[in-house]
Amino acid sequence: MILIAYDGSQDAKAAIQHAGKLMPGFAATVLTIWEPFTTMLARTPEVLKPLARVREAEDIDRQEVDAAEESAEEGVRLARAAGLEATPLTTPLNGSIAEAIIAQADRLDVDAIVVGSRGLTGMALLLGSVSLAVVQRANRTVVVVPSADVATQRERQFDH
């Protein structure tokens with residue numbers, strides 16, 4: 001089984017396509033991570049924290065969960081179209097995104113983790129911060145897949 005980190009970005013979509021080519025027929029779990037309001041609030045300046053209300057926090061979390069479930073389902077549709085036996089999974093963020101990915105990979109005892117080279121959270125040309133952290137910290141195989149746009153940017157950067 002493989003774990004595919006999916007955030008809806010072009011790199012995540014490319015990762016699903018590539019996983020389907022490399023491992024057709026494999027069981028895959030498509031993971032989307034959502035951020036609880038309390039986690040977001042922890043990064044908020046103290047002066048703004050009184051504006052947050054508990055009821056609003058619950059509503060925001062419900063919206064985040066719904067969006068994550070929709071994203072994971074989108075990833076599952078793409079994975080199935082790519083030839084994988086896919087199921088969705090969402091998890092709240094408790095720490096870093098890389099830690100959440102690795103924790104789910106460990107919990108599921110997957111054979112490999114598949115990530116895009118950069119997602120919605122970064123613009124690095126070599127490896128995004130999440131994919132780099134997963135490669136550095138995971139105790140299992142990690143496949144990092146660039147989107148076509150990232151591959152083209154790399155070619156331009158390194159061909160000159």
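Helices and strands are here DSSP runs, with a helix spanning at least four residues and a strand at least two, numbered from the N terminus. The model is predicted.

**The whole chain**

Begin with the entire protein displayed as a cartoon. Six helices and five strands make up its secondary structure. Tracing the cartoon along the sequence gives the order β-α-β-α-α-β-α-β-α-β-α.

Next, switch to a surface representation. The accessible surface amounts to about 8900 Å², and carbon and sulfur atoms contribute 54% of that surface. The protein has 160 residues, of which 40% are buried. Among contacts in the protein with a separation of 6 or more, 78% join residues that lie 24 or more positions apart.

**The α4 and α5 pair**

Return to the cartoon and select residues 97-108, helix α4, together with residues 129-137, helix α5. The two helix axes come within 8 Å and cross at roughly 45°. Because an angle of that value falls outside the ranges for roughly parallel, roughly perpendicular and roughly antiparallel, α4 is oblique to α5. The crossing is right-handed.

Show the side chains where these helices meet. On the α4 side, select Ile-97, Ala-98, Glu-99, Ile-101 and Ile-102. On the α5 side, the partners are Val-130, Ala-133, Val-134 and Arg-137. Which classes of residue form this contact? Seven of the residues are nonpolar and two are charged, while none is polar. The charged class includes Glu and Arg, and these residue types appear in the contact as Glu-99 of α4 and Arg-137 of α5.

**The loop after α4**

Now select Asp-109, which is located in the loop between α4 and β4, the latter covering residues 112-116. What is the sign of phi at Asp-109, positive or negative? The angle is near 50°, a positive value in a residue other than glycine. Is Asp-109 buried or exposed? The relative accessible area of Asp-109 is 57%, and because the cut-off for exposed is over 50%, Asp-109 counts as exposed.

**Helix α6 and a distant partner**

Finally, select residues 148-158, which form helix α6, and pick out Ala-148 within that helix. Ala-148 has a relative accessible area of 58% and is therefore exposed. Add Ala-14 to the selection and display the distance between the two C-alpha atoms. Ala-148 and Ala-14 are 134 residues apart along the chain, yet their C-alpha atoms are separated by 7.7 Å.

Terms used:
Residues are numbered from 1 along each chain as its sequence is written. This is a predicted model: local features need pLDDT of at least 70, side-chain atom pairs count only at pLDDT 80 or more; totals for chains, interfaces and linings use all residues. Side-chain values use heavy atoms; hydrogens and water are left out. Buried means under 20% relative accessible area, exposed over 50%, partly exposed in between (1.4 Å probe, protein chains only). Contact means heavy atoms within 4.5 Å. Accessible areas come from the Shrake-Rupley method with a 1.4 Å probe; for residues, only the protein chains shown count as cover. Axes are lines fitted to C-alpha atoms, for helices over the stretch in contact, and angles run from 0 to 180 degrees between N-to-C directions. Angles under 35 degrees count as roughly parallel, over 145 as roughly antiparallel, 65 to 115 as roughly perpendicular and the rest as oblique. A crossing is left-handed if the near helix is turned anticlockwise from the far one by less than a right angle, and right-handed if clockwise.
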